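Me: I should like to learn how to read the features of a protein model. Could you guide me through this one, step by step?

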Amino acid sequence: MSTDSLYIDLLKKVLIDYHRMEMGETPPLRKDKRHKLRYKFLFMLENMLKNKGFTVREKIPYNKDRRELGLDWPAYAESMIGLKRMENIEFCVNDTIQNHIPGDLIETGVWRGGSVIFMRALLKVAGVTDKIVWAADSFEGLPKPDEEKYAADKGDNHHTLSDILAISEEDVRNNFKKYGLLDDQVKFLKGWFKDTLPTAPIEKLSVLRLDGDMYESTIQALDALYPKLSVGGYLIIDDYGVVPGCKKAIMDYRQQHDLTEAIIDIDGSGAYWKKLR
Ligand SMILES: C[S@@+](CC[C@H](N)C(=O)[O-])C[C@H]1O[C@@H](n2cnc3c(N)ncnc32)[C@H](O)[C@@H]1O
């Protein structure tokens with residue numbers, strides 16, 4: 001194995017915290033005092049109840065198989081997508097580089113930034129200097145469902161989970177810095193997708209990775225960005241197999257635009273296809 005492959009192999013595992021035996025479901029690690037105090041209090045309460053013989057909901061212990069498939073929300077890792085979907089990013093990015101497919105790389109929905117950090121590392125290792133990695137996110141979590149416009153999002157509660165899902169742009173930038181990968185080939189699109197994506201200064205894409213969890217977030221990214229994806233480039237949908245609204249957005253868009261490329265499963269959750277025309 002070359003040192004480049006060793007670096008990439010190690011990096012993707014570090015970004016998902018593959019080897020640390022952490023708890024799968026843990027309190028969100030927020031910096032502000034209010035959250036720290038809240039969880040300190042809950043922790044004390046839990047221990048008190050346990051000592052009195054009450055059964056307390058146990059945290060899900062770390063499980064390598066779940067982490068491989070990205071089925072837990074890690075406490076420390078920079079990405080929650082798991083090993084298989086990381087490997088899929090590696091395949092798609094390298095394939096488009098080898099085949100000289102023009103265009104930048106984007107993820108819509110970056111959370112702590114692990115997937116886009118990995119994309120930047122892949123470009124660096126391949127010596128690619130003419131592609132940008134775009135990180136699009138509200139950096140405030142998910143929007144409240146717009147049920148009138150997007151009925152498929154009715155009852156979606158992701159917006160209530162902002163104590164876990166809202167990661168600031170500054171935190172994501174710091175995560176890039178930790179790996180020495182923040183430079184002018186990384187650009188941030190801060191705001192709701194409906195506001196940022198249609199006017200984003202992106203000419204062409206070679207990899208378009210959607211990870212916005214909802215119908216709205218998926219369809220808005222497709223409408224604004226799929227036409228910019230080069231033939232030979234890849235569309236990756238993180239939540240295809242697990243979020244019905246996301247799958248519906250994909251199906252609706254394919255039908256509207258008469259897309260027939262075969263959808264390839266990655267790990268039961270994620271899926272992708274290569275744009276053929
Ligand atoms: C599941 S997380 C992404 C996980 C990430 N790709 C990883 O590697 O771990 C979903 C992200 O999408 C963002 N998001 C979802 N819908 C959005 C929207 N409509 N506009 C802006 N950001 C959105 C959230 O803020 C959150 O950071």
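Reply: Certainly. Please bear in mind that this is a predicted model. A good place to begin is the nonpolar interior: the largest nonpolar core has 42 residues, and V93, F118, M119 and F176 are those with the most contacts inside it.

Me: Which helices and strands each supply at least two residues of this core?

Reply: The helices are α1 (3-15), α4, α5 and α7 (169-178), and the strands are β2 (133-137), β3 (186-190) and β5 (229-237). The most comes from α5, which gives 7 residues to this core.

Me: With what is F176 in contact, leaving aside its neighbours within four places in sequence?

Reply: With those neighbours set aside, F176 touches V116, I117, R120, L181, L182, V186 and F188. There is also a second, separate core, made of 32 residues, which includes Y150, L208, Y215 and L259.

Me: How many helices and strands are there in the protein, and what share of the residues counts as buried?

Reply: The protein has 10 helices and 7 strands. Of its 277 residues, 53% count as buried. As for contacts with a separation of 6 or more, 76% of them join residues 24 or more positions apart.

Me: How does one describe a pair of packed helices?

Reply: Two values describe such a pair, namely the angle between the axes and the distance between them. In this structure, the axes of α4 (residues 82-98) and α5 (residues 114-126) come within 10 Å and cross at roughly 35 degrees. Their crossing is right-handed. On the α4 side, the contact is made by M86, I89, E90, V93, N94 and I97. On the α5 side, G114, S115, F118, M119, L122, L123 and A126 take part. Sorted by class, the residues of this contact are 9 nonpolar, 3 polar and 1 charged.

Me: What are the distance and the angle for the axes of α9 and α10?

Reply: The axes of α9 (residues 215-225) and α10 (residues 244-256) come within 7 Å, crossing at roughly 30 degrees. Angles under 35 degrees count as roughly parallel, and α9 and α10 are therefore roughly parallel to each other. The crossing of α9 past α10 is right-handed. Y215, T218, I219, L222 and D223 are the residues of α9 that meet α10. Their partners in α10 are G245, C246, K248, A249, I250, D252 and Y253. This contact of α9 with α10 comprises 7 nonpolar, 2 polar and 3 charged residues.

Me: Let us turn to the loops. Where does W111 lie, and is W111 buried or exposed?

Reply: W111 is found in the loop between β1 (104-108) and α5. Residues under 20% relative accessible area are called buried, so W111, at 8% relative accessibility, counts as buried. The backbone of W111 also deserves attention: phi is near 50 degrees, a positive value in a residue other than glycine. D258, likewise not a glycine, has a positive phi of about 55 degrees. D258 sits in the loop between α10 and β6 (264-265).

Me: Is H100 buried or exposed, and how far is H100 from S206 in space?

Reply: H100 belongs to the loop between α4 and β1. The cut-off for exposed is over 50%, so H100, at 69% relative accessibility, counts as exposed. From C-alpha to C-alpha, H100 and S206 are 9.3 Å apart in space, although 106 residues apart in sequence.

Definitions and conventions
Residues numbered from 1 in each chain as written. Predicted model: local features only at pLDDT ≥ 70, side-chain atom pairs only at ≥ 80, totals over all residues. Heavy atoms only, no water. Axes fitted to C-alpha atoms, helices over the stretch in contact; angles between N-to-C directions. Helix = DSSP H or I, 4+ residues; strand = E, 2+ residues; numbered from the N terminus. Parallel < 35°, antiparallel > 145°, perpendicular 65-115°, else oblique. Left-handed = near helix turned anticlockwise from the far one by under 90°. Contact = heavy atoms within 4.5 Å. Nonpolar A, V, L, I, M, F, W, Y, C, P; charged D, E, K, R; others polar. Core = buried A, V, L, I, M, F, W, Y, C linked by side-chain atoms within 4.5 Å. Buried < 20%, exposed > 50% of the residue type's maximum accessible area, 1.4 Å probe, protein only.
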